[in-house]
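Hi,

Here is the structure I said I would pass on. Have a look at it first, and my notes follow underneath.

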Amino acid sequence: MLTVKEANDPPTISGLGDITAQEGTIAGPLPFIINDPDTDLNELSFTTEVGNPNLIPETNIKFGGNGANRTVTIMPPLGQTGTTTVRILLTDGQFIASTGFSVTITAALIPPQISQQPLSQTISPGAAVTFSVIASGSAPLSYQWQRNGVNLVQRFINVSTC
Ligand SMILES: [Ca+2]
């Protein structure tokens, strides 16, 4: 008796574009497509390889979806910024398909805060006066000066973060 074992064909995985995410903020779910001509798609398994696991621990990468339509969600921890590669590997137990993309983690935005209010000044009518303010927060910051609750036009000044 002759037993013929069916040939196994490798799975495939679609590409994902490079992404930018903020530290401490979930990125995704990012959709992608998988296929395999002869293996049940729900039997395929994923693993990941991260170029810099300090930036994105592999345990912070979660998969979702089912069948051909899958998603990946990335949770960058606070306190790390930079760029790393993330590679998703898909296997049917014999063959491996993979796709890679880069993830750039940027600093979380800090709300603007005025640390030193402008001081009241007494001047003669018609004289020039300069007010200053010290603020912190994520750049770029801009100011809108007001007089008696009314915006003064052409008084925006872009400043760097203090
Ligand atoms: Ca297969």
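I'll begin with the core. Bear in mind that this is a predicted model. The largest nonpolar core has 12 residues: Ile 13, Phe 32, Ile 34, Leu 55, Ile 56, Val 72, Ile 74, Val 86, Ile 88, Leu 90, Val 103 and Ile 105. Four strands each put at least two residues into this core: E3 (27-35), E6 (69-74), E7 (82-91) and E8 (96-106). E7 has the largest share, with 3 residues. As a rule, nonpolar side chains in soluble globular proteins tend to be buried together.

Leu 55 is a good one to click on. Beyond its neighbours within four places in sequence, Leu 55 is in contact with Pro 76, Gln 80, Gly 82, Thr 84 and Ile 105.

Now the fold as a whole. The protein has 14 strands and 0 helices, so you'll be looking at β after β from the N terminus on. The radius of gyration is 27 Å, well over the 15 Å that the globule rule gives for 162 residues, so the protein is more spread out than a compact globule. Its C-alpha trace spans about 110 × 30 × 15 Å along the principal axes. Only the burial figure is left on that front: 10% of the 162 residues count as buried.

On domains, the assignment gives domain 1 (12-106) and domain 2 (109-162). Their centres, taken over C-alpha atoms, are 45 Å apart.

Last item, contacts: among those between residues at least 6 apart in sequence, 59% join residues at least 24 apart.

Over to you!

How values were computed
Residues numbered from 1 in each chain as written. Predicted model: local features only at pLDDT ≥ 70, side-chain atom pairs only at ≥ 80, totals over all residues. Rg over C-alpha atoms; globule rule 2.2 N^0.38 Å. Buried ≥ 20, exposed ≤ 12 C-beta atoms within 10 Å, placed from the backbone. Contact = placed C-beta atoms within 7 Å. Domains from an automatic or database assignment. Core = buried A, V, L, I, M, F, W, Y, C linked by C-beta atoms within 7 Å.
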